[in-house]
Amino acid sequence: MKHFFSFLIILTFLGSCKSPKETLSPKETVEAYLAATNRFDSDAAKELLILNKQNLMVLETLKKMEKSIPANRKAEFLNKEKNAVYTEKEITQSTAVIIVSSQEIAMPFEFSLKKTNNIWLIQSIREL
């Protein structure tokens, strides 16, 4: 009986845990993506993208930058996403458009997202 209660407690705990991707809103998905790219974490960034040709090229560029930029310069990118302004332009049940702007970048970026298996993923990124 003691093992049964332990099993129920563990089952309840595991049942209440959700994958972070499942709970992210479109805006949070973009924030997480930018945080990953600012840390040069291509694996984390990849998890937030729809793997189309354009996004695969972005990941390759990120990997190349990670190798070519000195460590002291990489630190300059950390937490830059926290100073950005995120504007939810269009949100539907299955698509979203988030505009990201900052004083540090001249042109804002538009992130188009699509809900896939109840997870918001970035379909495309373009400079406005």
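**Exercise 1. Threonine 37**

Task: Decide whether threonine 37 is buried or exposed in this predicted model.

Solution.
Step 1. Take the relative accessibility of threonine 37, which is 14%.
Step 2. Recall the cut-off: buried means under 20% relative accessible area.
Step 3. Threonine 37 therefore counts as buried.

Task: Place threonine 37 in the fold and list what surrounds this residue.

Solution.
Step 1. Threonine 37 belongs to helix 3.
Step 2. A polar atom of the threonine 37 side chain lies 3.0 Å from the backbone oxygen of leucine 34.
Step 3. Set aside residues up to four places away in sequence; threonine 37 then touches Ala45 and Leu62.

**Exercise 2. The largest pocket**

Task: Describe the largest pocket by its volume, its lining and the elements that supply the lining.

Solution.
Step 1. Start with the idea: a probe the size of a water molecule, rolled over the atoms, shows where empty space is left.
Step 2. The volume of the largest pocket is about 650 Å³.
Step 3. Its lining consists of 20 residues. Leu34, Thr37, Asn38, Ile105 and Phe109 are the ones nearest the centre.
Step 4. Helix 3 (26-38), helix 5 and strand 3 each give two or more residues to this lining.
Step 5. Sort the lining by type: 13 residues are nonpolar, 4 are polar and 3 are charged.

**Exercise 3. Salt bridges**

Task: State how many salt bridges the model has, then work through the pairs below.

Solution.
Step 1. Begin with the principle: side chains of opposite charge can pair when their charged atoms come close.
Step 2. Apply the cut-off, a side-chain nitrogen of Lys or Arg within 4 Å of a carboxyl oxygen of Asp or Glu.
Step 3. The count is 5 salt bridges.

Task: Analyse the pair arginine 39 and aspartate 41.

Solution.
Step 1. The closest N and O atoms of arginine 39 and aspartate 41 are 3.7 Å apart, and the two form a salt bridge.
Step 2. Arginine 39 has a relative accessible area of 45%, so this residue is partly exposed.
Step 3. Aspartate 41 has 27% relative accessibility, so this partner is partly exposed.

Task: Analyse the pair glutamate 60 and lysine 63.

Solution.
Step 1. Their side chains meet in a salt bridge, at 3.9 Å from N to O.
Step 2. Both residues lie in helix 5 (residues 53-68). They are 3 residues apart, about one turn of the helix.
Step 3. Glutamate 60, at 40% relative accessibility, is partly exposed. Lysine 63, at 38%, is partly exposed.

Task: Analyse the pair glutamate 110 and lysine 89.

Solution.
Step 1. A salt bridge joins these side chains, at 3.6 Å from N to O.
Step 2. Glutamate 110 is in strand 3 (residues 109-116), and lysine 89 is in strand 1 (residues 85-91). The two are 21 residues apart, and the pair links distant parts of the chain.
Step 3. Glutamate 110 has a relative accessible area of 9%, so this residue is buried.
Step 4. Look for shared partners: salt bridges join Lys89, Glu110 and Arg126 into one network.

**Exercise 4. Lysine 115**

Task: Find the element, the exposure and the contacts of lysine 115.

Solution.
Step 1. Lysine 115 sits in strand 3.
Step 2. Its relative accessible area is 31%, so lysine 115 is partly exposed.
Step 3. Leave aside neighbours within four places in sequence; lysine 115 is in contact with Gln93, Ser94 and Trp120.
Step 4. Compare sequence with space: lysine 115 and proline 26 are 89 residues apart along the chain, while their C-alpha atoms are separated by 8.8 Å.

Conventions
Residues numbered from 1 in each chain as written. Predicted model: local features only at pLDDT ≥ 70, side-chain atom pairs only at ≥ 80, totals over all residues. Heavy atoms only, no water. Buried < 20%, exposed > 50% of the residue type's maximum accessible area, 1.4 Å probe, protein only. Helix = DSSP H or I, 4+ residues; strand = E, 2+ residues; numbered from the N terminus. Contact = heavy atoms within 4.5 Å. 1 Å grid on protein atoms, 1.4 Å probe; cavity = no way out; pocket = protein on both sides within 12 Å on 5 of 7 lines; lining within 4 Å. Points joined across faces, edges and corners; volume = space filled by probe spheres on them. Nonpolar A, V, L, I, M, F, W, Y, C, P; charged D, E, K, R; others polar. Polar contact = N/O pair within 3.5 Å; in protein donor to acceptor, adjacent residues only side chain to side chain.
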